[in-house]
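I opened this entry to look up two things: the surroundings of the ligand and the pairing of some strands.

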Amino acid sequence: MSNIKELAIIGDGFAAAVMVVHLLRRGIAPTAITVIGSGALGKGNAYGCDNLHFRLNIREDLPIIFSNDPLHFSRWAKDNVNDPEAKTDAGYFYRRQDFGRYVFELISAESKPDEIEQIKAKVVSLSSDDNSWKLVLDNQAVLRAKRVIIATGNPPPTWPCVVTTPYPDLSASCLVENPWAGHGLVGVEAHESIILLGGGLTALDAINNLVERKHLGQIYVISPRAIFPPAQANWERKIQPVWPQNLSPAKFIRFMRDYLPSISTASTEWQSAWEELRTNISIIWQQFSVHQKRTLFKRVGWLWNLYRFRASPQTIAAYEKLKSKNQIQFVLGRAIEIKCTDSRVRVRLGNGINVEGDRIINCTGVASDPLLNQLIENRLAIRDPLGHAIAVDASFRVIRSPSDRWNSLWMIGPATMGSLGDVIAASAIAKQAEQLAGQIAGG
Ligand SMILES: Cc1cc2nc3c(=O)[nH]c(=O)nc-3n(C[C@H](O)[C@H](O)[C@H](O)COP(=O)(O)OP(=O)(O)OC[C@H]3O[C@@H](n4cnc5c(N)ncnc54)[C@H](O)[C@@H]3O)c2cc1C
């Protein structure tokens, strides 16, 4: 086959970009790399946003791209970002779009313009064919590659229940299905009543944006629990916890509970202890059986999701502001139907409650990745222990069957969480890219 690519990366977001940077730093030729994705390389769903009020949920020393230079971003930001509002008592929390600019610049620092081939398309199918990989794109083109890295990231949210609307394609402005980029919040009128479906970091982003826009209407947050993640405190890892041997999920939970002080989760002490525990959590997670992983996630998955990131202090301050004016309220439950008429949106919850507003913003989190689902259907991969994505081993090789791994197909990024543990944040993904680049360049 004449035009076979050496190494194709599927996805164009943060994981793909840091993968490219680390491959180049390891001496892989730029001409050997092909990226497939339709956006600006490095920005993806998280950092491609054009909203000035969407901030990183971690302070400036935490997005570590190079393990031998952990303060690279922090220095870059000091020299290149004009954002007086970034500074808080817990550190600098920069805008996500500025971080996207940083990641994009990392590529230019390692290669000449357009030296890395990027094919602006989506991969709709991936199959193994004649000792190579066949990639079918959404523009009908077909590519072949010797080796493939999947870096398709967080699939954007989709409505979690039936939506009925007089508009055939769900394009009504009162229905914001994917708020990650921030466009859906642009046309909001000051007096509109807003329904936020979901109570996590995406809802907090929307809240920060609404407060900055001096929103006056009521805001309803539909969620099974009336609690938001706390603000990031100025935590510090001081000691390394000594985990007991032979942990079961119950012992694991007990150890964490005993280690964490009985004080507010917003305090520096609590968050320092929590972050100390996090250091080894991925290693421990990987030692559990599939059944144990499922049990653990079922019992404490929601707590994990609540506390692993926390939010920027600016974002929580915006929420507190709304709360003090009684302008925001939680409505407990899960949506089972959304009805949109010409002027109103009505949400029916499973517990019989109805919530009405002018606009609904879907803050329910990641959806399912069609490409990964297809690999499972075609028996090229198996599900990860949580059933969220495909399984990989500790070397990021996609697992074909319990006894077989691909040596030319890898995956990095948040979709590896079910297999590898605490790997959603930027620094954890960059570490994966650094390790995988070492493996590929070395072998
Ligand atoms: C809204 C949001 C905010 C976040 N904020 C933070 C934060 O502040 N700090 C932090 O540490 N982490 C944050 N995260 C966590 C996030 O997981 C990582 O930081 C990181 O952005 C993930 O990078 P990724 O490349 O895996 O995914 P993404 O950046 O989402 O990139 C994946 C890209 O692949 C493309 N793609 C998908 N499927 C295909 C296909 N079949 N073919 C071609 N291209 C495809 C997508 O369009 C997308 O551009 C955030 C995540 C989200 C969603």
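My notes on the ligand come first, then those on the strands.

Entry 1, ligand shell. I am working with a predicted model. I counted the residues around the ligand and got 30. The closest are Asp12, Ala15, Tyr47, Val123 and Ala426. I then sorted the shell by class, which gave 18 nonpolar, nine polar and three charged residues.

Entry 2, polar contacts of the ligand. I looked up N or O atoms of the protein facing oxygen atoms of the ligand. A backbone N or O atom of Ala426 lies 2.8 Å from a ligand oxygen. For Ile424, I found a polar backbone atom at 2.9 Å from an oxygen of the ligand. Asn154 uses its side chain, with an N or O atom 3.1 Å from a ligand oxygen.

Entry 3, cover. On its own the ligand has 980 Å² of accessible area, and the protein covers 91% of this. I also listed the elements that give two or more residues to the shell: helix H1 (14–25), helix H2 (44–47) and helix H13 (426–442). Which element gives the most to the shell? I found that H2 does, with four residues.

Entry 4, strands. I traced the partners of strand S19 (residues 404–411). Strand S8 (residues 142–150) runs parallel to S19, and three bridges join the two. In that pair, Ile150 has Met411 as its bridge partner. Strand S18 (residues 397–401) pairs with S19 in the antiparallel sense, also over three bridges. Here Arg397 stands opposite Trp410 of S19. The connection from S18 to S19 is a hairpin through two residues.

Conventions: Residues are numbered from 1 along each chain as its sequence is written. This is a predicted model: local features need pLDDT of at least 70, side-chain atom pairs count only at pLDDT 80 or more; totals for chains, interfaces and linings use all residues. Side-chain values use heavy atoms; hydrogens and water are left out. A residue is near a molecule or strand if one of its heavy atoms lies within 4 Å of it. A polar contact is a pair of N or O atoms within 3.5 Å; within protein, one must be able to donate a hydrogen and the other to accept it, and residues adjacent in sequence count only if both atoms are side-chain atoms. Accessible areas come from the Shrake-Rupley method with a 1.4 Å probe; for residues, only the protein chains shown count as cover. Ala, Val, Leu, Ile, Met, Phe, Trp, Tyr, Cys and Pro count as nonpolar, Asp, Glu, Lys and Arg as charged, and the others, Gly among them, as polar. Two strands pair if DSSP finds at least two bridges between them.
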